[in-house]
Amino acid sequence: MAGETRRAVFAQPEWLRAVPTEKRLPHEAEVVFTGCGTSFHAAQTGGRAIQALEAVLRPPRADILVCVSHEGSTELTMEAERAFGGDVWLITGNPESDLAQLADEVVVSTPELERSWCHTASYTCAVAAIDALNDEDIAALPGAVEQALQYEAQPFEQDRVLVLGAGRDWPTAQEAALKLREGVWVDASAYETEQFLHGHIAAVDERVRAYVLEGEGRAAERAEVAVAQLEALGCEVTLLQTSHPVVDIVPFHLLVLAVAEARGIDPDPIRRPPGSRWAEATGSPYPHG
């Protein structure tokens, strides 16, 4: 049932090989990244980041604002661009969008727009494009994602899910929780690992399925503590090794596909087929029948 989502998930190595790498952010510039939803999670991988509404309420002081918007039509991201007033760069899949017309520099990070609203490939390509702008070598990412796509995700039965991560893995945790909410409608929540260990566990019991992103150094040590506490409560827990945000999100993409198949859910419209309560509530029905 997950036609467009599945196609995008497995297209990621090909799409990543096409991410442009010729542009670089000036080393001396103070840069801030912004976006909404999945795009904000991608923005957080680049350095200093601020959610688009917050950037409207209090425009950041910086030399360059890098906006992330796959379709280039996110209203609050456009408002953030206008409120900023300085140089704006855009990472997008739509070079003809209204936001692209406002930007000083445009990086087209995907070869096409995703048809599924449960965005996967556009996220990983945006993260790779941000890396390239930050003068990071992204040549190894397509091959690493090909390897990650061999992961055998197992569906779960629980309706509550926790995803924990810290440092480099915190954006991944947020994006993973969003994919599970969008794609298979489970009550998934992301927590920074250390924050979770300070009180949030009171609302956790054996009915919760947990995924902990391991990280490195002190983060890995605290991840082990979180796993031990969750296991003591009877939770089913998976500790996932991490290497790079582009690679680390892929097991969750596969998890969405596995749970969707097991539950007979189409993740493409993120619960917004025309006429549904979710389409009416958001005023945005899924257009691809």
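This is a chat about the sheets, pockets and two buried residues of a predicted model.

Me: Before we start, what kind of model is this, and how are residues numbered?
Reply: It's a predicted model, where local features need pLDDT of at least 70, side-chain atom pairs count only at pLDDT 80 or more, and totals for chains, interfaces and linings use all residues. Residues are numbered from 1 along each chain as its sequence is written, and side-chain values use heavy atoms, with hydrogens and water left out.

Me: OK, sheets. What's the strand order in the one with 5 strands?
Reply: That open sheet runs 2-1-3-4-5, with parallel pairing. Strands here are DSSP runs of E with at least two residues, helices are runs of H or I with at least four residues, and both are numbered from the N terminus. Two strands pair if DSSP finds at least two bridges between them.

Me: Which strands stand at the edges?
Reply: Strand 2 (49–51) and strand 5 (105–108). Each has a single partner strand, so one side of each has no neighbour in the sheet.

Me: How many bridges join strand 1 to strand 2?
Reply: There are 3, and the two strands run parallel. Phe33 has Ala49 in strand 2 as its bridge partner.

Me: Which helix packs on that sheet?
Reply: Helix 4 (residues 75–84) does, touching strand 1, strand 3 (64–68) and strand 4 (87–92). Touching, or contact, means heavy atoms within 4.5 Å. The direction of helix 4 makes about 170° with that of strand 3; axes are lines fitted to C-alpha atoms, for helices over the stretch in contact, and angles run from 0 to 180 degrees between N-to-C directions. Helix 6 (residues 121–133) lies across strand 1, strand 3, strand 4 and strand 5, at about 140° to strand 4.

Me: And the sheet of 4 strands, what's its order?
Reply: It's an open one too, 7-6-8-9, with parallel pairing. Strand 7 (187–192) and strand 9 (236–240) are its edge strands. Strand 6 (residues 160–165) pairs with strand 7 over 6 bridges, and Arg160 has Asp187 as its bridge partner in strand 7. Helix 8 packs on this sheet, touching strand 6, strand 7 and strand 8 (208–213).

Me: Switching to pockets. How much space lies in the largest one?
Reply: About 450 Å³. Of its 18 lining residues, Glu71, Thr74, His119, Glu182 and Arg272 are the closest to the centre. On a 1 Å grid over the protein atoms alone, a pocket is an open set of points where a 1.4 Å probe fits, with protein on both sides within 12 Å along at least five of seven lines; lining residues have an atom within 4 Å of a point. Points are joined across faces, edges and corners, and a volume is the space filled by probe spheres set on them.

Me: Which helix gives the most to that lining?
Reply: Helix 8, with 3 residues.

Me: What about the second largest pocket, what's its volume?
Reply: About 180 Å³. Helix 13 gives the most to its lining, with 3 residues.

Me: Last topic: is Leu16 buried or exposed?
Reply: Leu16 is buried, because its relative accessibility is 4% (buried is under 20% relative accessible area, exposed over 50%, partly exposed in between, with a 1.4 Å probe and protein chains only). Leu16 sits in helix 1 (residues 3–17). Its C-alpha atom is 5.6 Å from that of Pro142, 126 residues apart along the chain.

Me: And Thr193, buried or exposed?
Reply: Buried, at 2% relative accessibility. Thr193 lies in helix 9 (residues 193–196).
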